[in-house]
Amino acid sequence: MKKYIFGNLKMHFNLKQTEEYLENFLPKVESSKNEIVLCPSFVNLMFTGQKLTSTKVLLGAQNVASEASGAYTGEVSASMLKSVGATYVLVGHSERKKYFLEKNETINKKIQECLGQGLKVVLCVGESKYERANKKHKQSLEKQLCECLKGLYDNELKNIIIAYEPIYSIGSGVLPKAKEVEEAVSYIRSVIQAEFSEKTASSLKILYGGSVNAENVKTFAGIKGVNGLLVGGASIKPDEFAKVCNI
Ligand code: PEP
């Protein structure tokens, strides 16, 4: 079955490096059956979008403003992202929460902005090491899901993908057990069922993210209930990311 593979290029690559990356990466994934989405930095979005037009690879952004327009210096709106060809937006990444103090209420507004512009959302949720060690991970996931998705209609969930990303695993090489991921993904589905509907929960796409690379990709992509992967560090290496995309 088709998998959804997102590359979060984070704050890497200037324009020239982006061009080199795309020249190297795109031919390697030409025949992939998976849905591949590249999420470059804001300044590289337009250029990347133009290079992707003749391919099946889609464009995603790493962040979005919580307001539609106005005096918000340094921000980029959902409508701007749409206008340069973005299909997806990553929202609520743990690095945004950690370094930019993003709160669930703001994330909720960002989601509403994206949906209003016809953009699809990848909502990142995950527990900390402390929460996992103290068996508070379910409580944490439920709070994030309920607060971030507050006020959304059931039919809007078809444009939302959830990325389950245990925070301690992001960029660290520390991997959760496959069983833990399976349980967390199943729990996420149960929260969505309770808040929305059974139909929505069963068709919901859920990604795993956290230190995925070419060596461990089969393990994580093969976990029951996992529909795809959100890849950070390994996505900036074109050969390695192509291997991940071609599973
Ligand atoms: C991420 O940025 O969402 C991520 C999962 O990063 P990494 O693959 O580097 O852990």
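# Exercises on a predicted model

Threonine 200 is buried, with a relative accessible area of 11%. Residues are numbered from 1 along each chain as its sequence is written. The model is predicted, so local features need pLDDT of at least 70, side-chain atom pairs count only at pLDDT 80 or more, totals for chains, interfaces and linings use all residues, and side-chain values use heavy atoms, with hydrogens and water left out.

## Exercise 1. Burial and exposure

Task: State where threonine 200 and glutamate 215 lie, and whether each is buried or exposed.

Solution.

Step 1. Fix the cut-offs: buried means under 20% relative accessible area, exposed over 50%, and partly exposed in between, with a 1.4 Å probe and protein chains only.

Step 2. Threonine 200 belongs to helix H9 (residues 198-203). Helices (H or I, at least four residues) and strands (E, at least two) are DSSP runs, numbered from the N terminus. Threonine 200 counts as buried because its relative accessible area is 11%.

Step 3. Beyond its neighbours within four places in sequence, threonine 200 is in contact with Asp154, Leu157 and Ile192. Contact means heavy atoms within 4.5 Å.

Step 4. Glutamate 215 lies in the loop between S7 and H10. Its relative accessible area is 79%, so glutamate 215 is exposed.

## Exercise 2. The barrel

Task: Describe the closed barrel and the pairing of strand S7 (residues 205-209) with S6 and S8.

Solution.

Step 1. Two strands pair if DSSP finds at least two bridges between them. Eight strands form a closed barrel in the order S1-S2-S3-S4-S5-S6-S7-S8, with parallel pairing. From one strand to the next, the twist averages 25°. Axes are lines fitted to C-alpha atoms, for helices over the stretch in contact, and angles run from 0 to 180 degrees between N-to-C directions.

Step 2. On one side, S7 pairs with strand S6 (residues 160-164) in the parallel sense over four bridges. Tyrosine 164 has tyrosine 208 in S7 as its bridge partner.

Step 3. S7 is also joined to strand S8 (residues 228-231) by three bridges, and these two run parallel. Here leucine 207 stands opposite glycine 228 in S8.

Step 4. Four of the five residues of S7 are buried, so far as its cover is concerned a strand that is mostly covered.

## Exercise 3. The nonpolar cores

Task: Which residues have the most contacts inside the largest nonpolar core, and which helix gives the largest share?

Solution.

Step 1. A nonpolar core is a set of buried Ala, Val, Leu, Ile, Met, Phe, Trp, Tyr and Cys residues joined through side-chain atoms within 4.5 Å.

Step 2. The largest has 64 residues, and Phe25, Ile111, Leu123, Leu149, Ile188 and Leu229 have the most contacts inside it. Helix H8 (residues 178-195) supplies the largest share of this core, seven residues. Another core, of 12 residues, lies apart from it and includes Tyr88, Cys124, Ile161 and Ala163.

Step 3. Take leucine 229 as a case. Leaving aside neighbours within four places in sequence, its contacts include Tyr4, Phe6, Leu207, Phe220 and Val244.

Step 4. Val244 is also one of the buried residues of H11. That helix (residues 238-245) has six of its eight residues buried. The cover over the buried residues of H11 includes strand S1 (4-8), helix H1 (15-25) and S8.

## Exercise 4. Pocket and cavity

Task: Give the volumes of the largest pocket and the largest cavity, and name elements that line them.

Solution.

Step 1. On a 1 Å grid over the protein atoms alone, a cavity is a set of points where a 1.4 Å probe fits but cannot get out; a pocket is an open set with protein on both sides within 12 Å along at least five of seven lines; lining residues have an atom within 4 Å of a point. Grid points are joined across faces, edges and corners, and a volume is the space filled by probe spheres set on the points.

Step 2. The largest pocket has a volume of about 480 Å³. Of its 18 lining residues, Met11, Gln62, Asn63, Arg96 and Phe100 are the closest to its centre. Helix H4 (residues 94-100) gives the most to this lining, with four residues.

Step 3. The largest cavity has a volume of about 40 Å³. Its lining includes Gly92, Lys97, Cys124 and Glu165. H4 and strand S5 (120-125) each give two or more residues to that lining.
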